[in-house]
Amino acid sequence: MRSSALAPLSGHAFVKGHGTENDFLLLPDHGGELDLGAAAVEALADRQRGLGADGVIRVVRSAVSGIEGAQEQAEAGAEWFMDYRNADGSIAEMCGNGVRVFAHHLVTEGLVPDEGEILVATRDGVKAVTRLSDPFTASGEPWYEVDIGHWELPEQDALVEITGVQVPRPGLRISTGNPHVVVALANPRELIDADLHRAPSVSPAPAGGINVELIVIEGRPSRQPAPGSAGELSMRVHERGVGETRSCGTGACAAAIAARHWAGNGAPDIWRVNVPGGSLRITISPQSVRLAGPAALVAAGGIQLA
Ligand SMILES: N[C@@H](CCC[C@H](N)C(=O)O)C(=O)O
C-alpha cells in the first residue's frame, strides 16, 4: 500500500475530480463517522458558497457505511462504498462518471491493488471497474471501464417539453440503475438551441424525478456494421438533482441504448457519445451495458463541514 497523499491543512479532507467534466467532491470517511446531511452536501456543492461540484461522494468502507445492503456487498468483495449525493443533497443510486473517478481515487491512494478488477459497492449493487490501456481518445487521462450492469427498456414512452425546442417530443424511458428519458432531436441546431437552464417537463411525471438526455445521432448507423465499428451521437443532459451538466455516464449509456433501439436490428453495439465535456465509449450487450471514459483527480485539501 502506498502512503496517502491526503494531508488536509485543516478541516475534513477532500479530493476534487471529474470524468468528462462531470465534477465531484470526494470526502474520505473510511471509518463511517461522517454524518453528511442534505444541507451540508448542498453547501459543499454550491459553486459560490462551497467548493462546487455536480455530485458529492462519501468514500466509506462498505462494512461500516450503515447503508442498507452494503454489508452483503462487502462480503461479495466490494470493500469500498460509493455513497453518492447530487448537488441538491438528494441521493442517487448510481453515477457512471463518478464511479470511474472513485476507482481512480482508490488506486491513487493505494486503497485497492492497481491491477485487475476493482469492485465498488453502490446503491445499485456492486460495479466492476477496470483500468484500460486502450483509450478511445488520447486525452492523457487514465481511462476506466465500468460494467453498469442491467438495463431496461420501458413499457411506457414519455412526452418531453423542452424550453427552446418547438413542440413536445417523444422520449424513451430507460433505467441504467438510475432513471433516464432520452429524446432524439432532429438536428445539431435543435441540440444547441435547447435551453436546459430549466428542467424539461416529462409526462407522465416520474415519481422521484428523472435525468433527461437530448441526443442527435450522427449519420445513419449501418444495420450491418463492420465488426467492432461504432455508432456516434452527441448528447446534452439535464441531471436530476443538479441541472445541466457537461456529461453523465449512466445517461450516455441510456442514450446509446436508445439510439441502438431506434436504429433497429443490426445496429452497432459500440457507441461513441460526445458530450460537452469530452467523449465516452458505450458497449451494449443484451444483459449489460459497459461505460468507458477518463477519470481525473485535480485537487486535494481540507474544508470545514457545516
Ligand atoms: N452524473 C451521473 C449521474 C448522477 C446521478 C443522477 N443525477 C441521478 O440523480 O440519477 C453519471 O455520470 O451517471
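**Gly98, the ligand shell and two cysteines**

Gly98 is buried, with 31 other C-beta atoms within 10 Å (buried means 20 or more such atoms around a residue's own, with C-beta atoms placed from the backbone). The model is predicted: local features need pLDDT of at least 70, side-chain atom pairs count only at pLDDT 80 or more, and totals for chains, interfaces and linings use all residues. Residues are numbered from 1 along each chain as its sequence is written.

**Gly98**
- Gly98 sits in helix H3 (residues 96–108), a helix being a DSSP run of H or I with at least four residues.
- Beyond four places in sequence, Gly98 contacts Phe24, Gly55, Ile57, Met82 and Tyr84 (contact: C-beta atoms within 7 Å).

**Ligand shell**
- The ligand is surrounded by 18 residues, the closest being Ala92, Asn97, Asn178, Gly249 and Thr250 (near: C-beta atom within 6 Å, placed from the backbone).
- H3 and helix H5 (249–263) each supply at least two shell residues.
- Domain 1 (12–148 + 294–303) and domain 2 (158–286) both contribute to the shell, so the ligand lies between them; the bounds come from an automatic or database domain assignment.

**Cys95 and Cys248**
- UniProt places "active site" (unreviewed entry) at Cys95 and Cys248; such annotations may be inferred rather than shown by experiment.
- These residues span 154 residues in sequence, yet no two of their C-alpha atoms are more than 7.7 Å apart, so they gather at one spot.
- Cys95 is buried, with 28 other C-beta atoms within 10 Å.
- Past four places in sequence, Cys95 touches Gly55, Tyr84, Gly249 and Thr250.
- Cys248 is buried too, with 36 other C-beta atoms within 10 Å.
- Contacts of Cys248 beyond four places in sequence are Asn22, Asn97, Asn211, Val237 and Glu239.

Note on methods:
Buried ≥ 20, exposed ≤ 12 C-beta atoms within 10 Å, placed from the backbone. Contact = placed C-beta atoms within 7 Å.
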